[in-house]
Amino acid sequence: MSNQAPTLEDVAREAGVSRATVSRVVNGVRNVDPAIQELVHRAIERTGYAPNRAARSLVTRRAETIALVVSGAGDAPEEAQGAFAARAFADPFFGRVVSGVVGFLSPRSMHPVLMFAESPEDRREVLTYLRQGRADGALVVSTHADDPLPALLADAKLPAVLFARPARPVPLSYV
């Protein structure tokens with residue numbers, strides 16, 4: 001038994017069909033006979049085949065990830081950055097945001113990548129990550145009205161959505 005992951009060719013051999021047929025089944029193309037689809041699905045189960053996401057992203061030009069960036073306005077030294085992350089994890093608001101993001105992305109076979117941007121170096125890392133196409137965009141949870149990251153993302157023309165608390169609490173009578 002090889003240590004390498006099963007390939008489309010392995011599934012095709014197991015199912016007794018062409019590589020193109022396996023590809024059509026894996027990609028959800030509908031013009032494949034249901035009986036052949038079932039053969040391919042059983043071969044996938046037997047071989048343990050899983051599509052290579054890196055290879056797929058070369059074709060689709062999509063990373064199938066979203067950078068979930070918790071960002072602040074600070075210029076925190078490294079030792080203070082851990083405190084920033086700890087505050088975020090302790091905040092019930094952040095937990096609800098993460099739950100909502102995961103709940104939305106999961107059925108779409110997308111995944112969040114959590115990043116913290118409290119320092120200038122952190123912000124540069126977020127910009128580089130997105131420029132490299134390692135995520136399809138960013139959802140920025142901004143913790144401070146003076147956060148420079150949203151403007152940096154806009155200037156770089158990178159896809160991003162800003163999600164922030166209001167600068168002032170909203171009285172319940174106005175909600």
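**Close-up 1. Arg-124 and Glu-121 pair up within helix α7.** In this predicted model, the two residues sit 3 apart in α7 (residues 120–131), so about one helical turn separates them. Their side chains meet in a salt bridge, with 2.9 Å from N to O. Arg-124 is partly exposed at 47% relative accessibility, and Glu-121 is partly exposed too, at 45%.

**Close-up 2. Glu-38 and Arg-42 form a salt bridge in helix α3.** Here the N to O distance is 3.3 Å. The partners are 4 residues apart in α3 (residues 34–47), which means about one helical turn lies between them. Glu-38 is partly exposed, at 40% relative accessibility, and Arg-42 is partly exposed with a value of 40%.

**Close-up 3. A salt bridge links helix α2 to helix α1.** Arg-19 belongs to α2 (residues 19–26) and Glu-9 to α1 (residues 8–15), 10 residues apart. Their side chains come to 2.6 Å, N to O. Arg-19 is partly exposed at 43%, as is Glu-9 at 36%. The whole structure has 5 salt bridges.

**Close-up 4. Helix α6 has a buried side and an exposed face.** Phe-94, Val-97, Val-101 and Leu-105 are its buried residues. They span an arc of only 60° around the axis, so they end up on the same side of α6. On the face turned away from that side, look for exposed Pro-92, Arg-96 and Ser-99.

**Close-up 5. Strands β3 and β4 run parallel.** 5 bridges join β3 (residues 138–142) to β4 (residues 160–164); Leu-139, for one, has Val-161 as its bridge partner in β4. Together with helix α8 (residues 149–155), the two strands make a right-handed β-α-β unit.

How values were computed
Residues numbered from 1 in each chain as written. Predicted model: local features only at pLDDT ≥ 70, side-chain atom pairs only at ≥ 80, totals over all residues. Heavy atoms only, no water. Pairing = 2+ DSSP bridges. Right-handed = clockwise from strand over helix to strand, strands pointing away. Buried < 20%, exposed > 50% of the residue type's maximum accessible area, 1.4 Å probe, protein only. Arc of directions from axis to C-beta. Salt bridge = Lys/Arg side-chain N within 4 Å of Asp/Glu carboxyl O.
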